Amino acid sequence: MIFSLCCGMGYSQSRNHSGRRSSAASASSSRTRRIVSGHGAAGSVQVSVPPSAEPTLWELHRAVSQLREDLRGDLARLAARLDHVVTEDVYRADQRAFDQRISQIEAGLAGLRDEHDQATERAEQQRREDQAQAAATRRLVLSSFVSPLLLMTLQLWLASRGAAP
């Protein structure tokens, strides 16, 4: 039965209940056997099988042995993968810690953003104060030095024209 499953054709498909070959089975002298490699890749091979051929005990033994070896390899790979799996409680605890770290970073970032905004506002205020100081300095220079020079120049010009006050 195992061999017939591996071949893709059951015993009941090749013979009828009386033990004789059915017309569908006798029409074709070749069967398609499904071959599965150790890594899970499946393929089909057209094999010529005589109409009266049934699997021998040795073929059945080899098929079962191959299945057993494949199963052992698959279980070993599965066990290796399970060594890296964590429980749901550990995963949830890790996620909570991750969320806490993210919220701490967000809080720190918000604090840095506030400090940056305050520093920008202070710099803007200082720039406005500097502009106001520069305007006051220009007015002071104009009123302290330029105005007396202009008045003195006017008096000298008037004195040179002969009009004395």
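**Contacts and burial across the protein chain.** Of the contacts (heavy atoms within 4.5 Å) between residues at least 6 apart in sequence, 32% join residues at least 24 apart. The model is predicted: local features need pLDDT of at least 70, side-chain atom pairs count only at pLDDT 80 or more, and totals for chains, interfaces and linings use all residues. Residues are numbered from 1 along each chain as its sequence is written, and side-chain values use heavy atoms, with hydrogens and water left out. Buried residues (under 20% relative accessible area, 1.4 Å probe, protein chains only; exposed, over 50%; partly exposed, in between) make up 7% of the 165 residues.

**Order of the elements.** The protein chain holds 5 helices and 2 strands, defined as DSSP runs numbered from the N terminus (helices H or I, at least four residues; strands E, at least two). Their order from the N terminus is α-α-α-β-β-α-α.

**Val 85 in the loop between H4 and H5.** Val 85 lies between helix H4 (57-82) and helix H5 (88-160). With a relative accessible area of 54%, Val 85 is exposed.

**Helix H5 and its bend.** The 73 residues of H5 should span 108 Å at 1.5 Å a residue (1.5 Å times one less than the number of residues), and the 105 Å between its end C-alpha atoms agrees. At Val 146, H5 bends by about 35 degrees, and Pro 148 follows within four residues; the bend is the angle between axes fitted to the seven residues ending at a residue and the seven starting there. After H5 comes Gly 162, with a positive phi near 100 degrees.
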